[in-house]
Amino acid sequence: MKSTSLSLIAGAVALAAVTGFAALNVPDGGGTAEARTAARLPVERTSLLCPAPGLSDLSETAYTAFTPVGGSGGSAAGGKAELLSSAKDDEDAKKDDDEDAKKDKEKSKKGKEADGKKPVVSLKEPGKPATGEASGADSPALIGTATARLAPGWTAQQTTTIEAGDGRGLLGISCTAPDTDFWFPAASTAKSRQDYVHLTNPDDTAAVADIELYGPDGSLKSDVGEGITVPAGSGIRVLISTLTSKAADDVTVHVTTRSGRVGAAVRAADSKAGSDWIAASAEPAKTLVLPGIPADATSVRLVAFAPGDDDADLKLKLLGKSGAISPAGHDELHVKSKMTAGLDLKDLTRGEAGSLMLVPAEEGKATPVVAALRVVRGKGDKQEVGYIPATGPVGARATAADNRSKGSVLSLAAPGAAGTVKVTASAGSKGGTPVSKTYKIAAGATVAVTPPVPAGLKGTYALTVQTQSGGPVHAARTLTVEQDGIPMFTVQTLPDDKGTVEVPAAEQDLSVLDD
């Protein structure tokens, strides 16, 4: 084989480490190199998008970015991981056409150019979180990129505290990778709700997105949700109740792009129970796991949607401390095709933390669905709401950033066979020594633990979960902050961080080069 052939293969492997796919075309009549065995290589570049946290002058937002130790994208040294302010949110960018407004706009532009040179968060090394902050209603979305050794497993958390008002709450979300397709069950167009779809475009060209809404009776038709332009390098937000004239308690939001890619999230605000982010559900699947229902939940509502042409009949299983049980009186759910179904599970956990699993009611008749839980803690005027989407297992590794010295609970669920995971508490953002602990989860059970805390912790820290043996484990982290008697909380699921990609190996033996 010529040396140029080897260079092509090396380039293709590098491309796969960035994109997750590469085809190896070998000159000299070799054709396409077939994948005999697949190697897993660390990614060399990762993008994350954090939605604009605003809508309240009282909001205070903390950002935490983290890369676990152990991945080496490209080289053992170098790389950067930064979260930068996007262009100003479209609603905030609208100004009057008079001369004073033009001057203000020019000043804002110059200020933004200056701000753009300084990241909101800049991570320097694996194993130690970096933090940043923002405040007020004008805080923009953030666009981030990590490269080289900081790319594999890079995670960022956005946590906003709003102490008063209709939007009060602890709003948490893991910043997401850009994509072209998102499902959000558990949204609403009811009069008591104000739910916004946030779209962030990381690229240099505009993206065009469609927002579809589905209620209990099917599609909520709207031309307004079609062909929405998301300007390059910026974020927009859309109040979903403006896309339809119909009020519905349970709505599934489907975001797709015609061109480009976006990050998407739904900010849900309830006039009685406060607000939080709804993260996208896992892709439509026949079996779903929704981990991390708090032990003291006073109300749990399941919202599910079947995007295909067939109805779905589901069995519900509560994965508790002692194993899986069928909730009495709430063990089945029928979901009609392209219609949103809701089921009030009330105080499902009854003082014991758990996870919900949805499985086909009949073997051989399985229909893919998406789902999410609306969870309320507290009663009366002391209520607080959070959302738990269906999520995939932790896989090789998953991380939740922004943990404090107290207030975190880690839920670990093994829906099939028993599993064992290692949980590592990182060094603190301002100091502290990492600590690890191993947990065993029985088959069909959920274990809710107070996670380890770094010795001598200063600042915030990250929790990384790694599968050690056994069946798949699903995880969620609940962060709680007490505010004037209200148990403000937010739940983030921990799917695999996709810090590695599968790269096909060439059929030829590259250890021997024939000049």
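Cys50 is buried, with a relative accessible area of 0%. Buried here means under 20% relative accessible area, exposed means over 50%, and partly exposed lies in between (1.4 Å probe, protein chains only). Cys175 is also buried, at 8% relative accessibility.

This is a predicted model: local features need pLDDT of at least 70, side-chain atom pairs count only at pLDDT 80 or more, and totals for chains, interfaces and linings use all residues. Residues are numbered from 1 along each chain as its sequence is written, and side-chain values use heavy atoms, with hydrogens and water left out.

## The disulfide

The structure holds one disulfide. A disulfide is counted when a pair of cysteine sulfur atoms lies within 2.5 Å. Cys50 and Cys175 form it, with their sulfur atoms 2.0 Å apart. The pair links distant parts of the chain, 125 residues apart. Cys50 sits in strand 4 (residues 45–50), while Cys175 sits in the loop between strand 11 (169–174) and strand 12 (181–187). Strands (E, at least two residues) are DSSP runs, numbered from the N terminus. The torsion about the S-S bond of Cys50 and Cys175 is about 105°, so the disulfide is right-handed. In general, a disulfide is a covalent bond between the sulfur atoms of two cysteines.

## The sheet around strand 4

Strand 4 also belongs to an open sheet of four strands. The order is 4-9-6-7, and the pairing is antiparallel. Strand 4 and strand 7 (121–123) stand at the edges. Each has a single partner strand, so one side of each is left without a neighbour in the sheet. The twist averages 15° from one strand to the next. For such angles, axes are lines fitted to C-alpha atoms, and values run from 0 to 180 degrees between N-to-C directions.

Strands pair if DSSP finds at least two bridges between them. Strand 4 and strand 9 (residues 142–147) pair over six bridges, in the antiparallel sense. Arg45 has Thr147, in strand 9, as its bridge partner.

## Nonpolar cores

A nonpolar core is a set of buried Ala, Val, Leu, Ile, Met, Phe, Trp, Tyr and Cys residues joined through side-chain atoms within 4.5 Å. The largest has 32 residues. Those with the most contacts inside it are Phe184, Val197, Leu199, Ile211, Leu213, Val253 and Val255. Apart from it lies another core, of 29 residues, among them Ala371, Ile388, Ala390 and Ala476.

Contact means heavy atoms within 4.5 Å. Leaving aside neighbours within four places in sequence, Ile211 is in contact with nine residues' worth of surroundings that include Val197, Leu199, Val253 and Val255. Gly225, Ile228, Val238, Leu243 and His254 are also on the contact list of Ile211.

## Arg301 and its surroundings

Arg301 lies in strand 22 (residues 297–305). At 26% relative accessibility, Arg301 counts as partly exposed. Its side chain makes a polar contact with the side chain of Asp250, at 2.7 Å. A polar contact is a pair of N or O atoms within 3.5 Å; within protein, one must be able to donate a hydrogen and the other to accept it, and residues adjacent in sequence count only if both atoms are side-chain atoms. Beyond four places in sequence, Arg301 also touches residues including Gly342, Asp344, Ala372 and Arg374. The C-alpha atoms of Arg301 and Val375 are separated by 6.6 Å, and the two residues are 74 apart along the chain.

## Residues in loops

Ser234 is in the loop between strand 16 (228–230) and strand 17 (235–239). Ser234 is buried, at 3% relative accessibility. A polar atom of its side chain lies 3.0 Å from the backbone oxygen of Pro231.

Ala366 is in the loop between strand 27 (354–360) and strand 28 (370–377). Ala366 is partly exposed, with a relative accessible area of 32%. Not counting residues up to four places away in sequence, Ala366 touches Lys286 and Pro360. The C-alpha atoms of Ala366 and Thr287 are separated by 8.4 Å, with their positions 79 residues apart along the chain.

## Positive phi

Two residues that are not glycines appear here with their phi values.

| Residue | Phi | Place | Relative accessible area |
|---|---|---|---|
| Ala186 | about 80° | strand 12 | 4%, buried |
| Lys498 | about 55° | loop between strand 39 (486–493) and strand 40 (500–504) | 65%, exposed |
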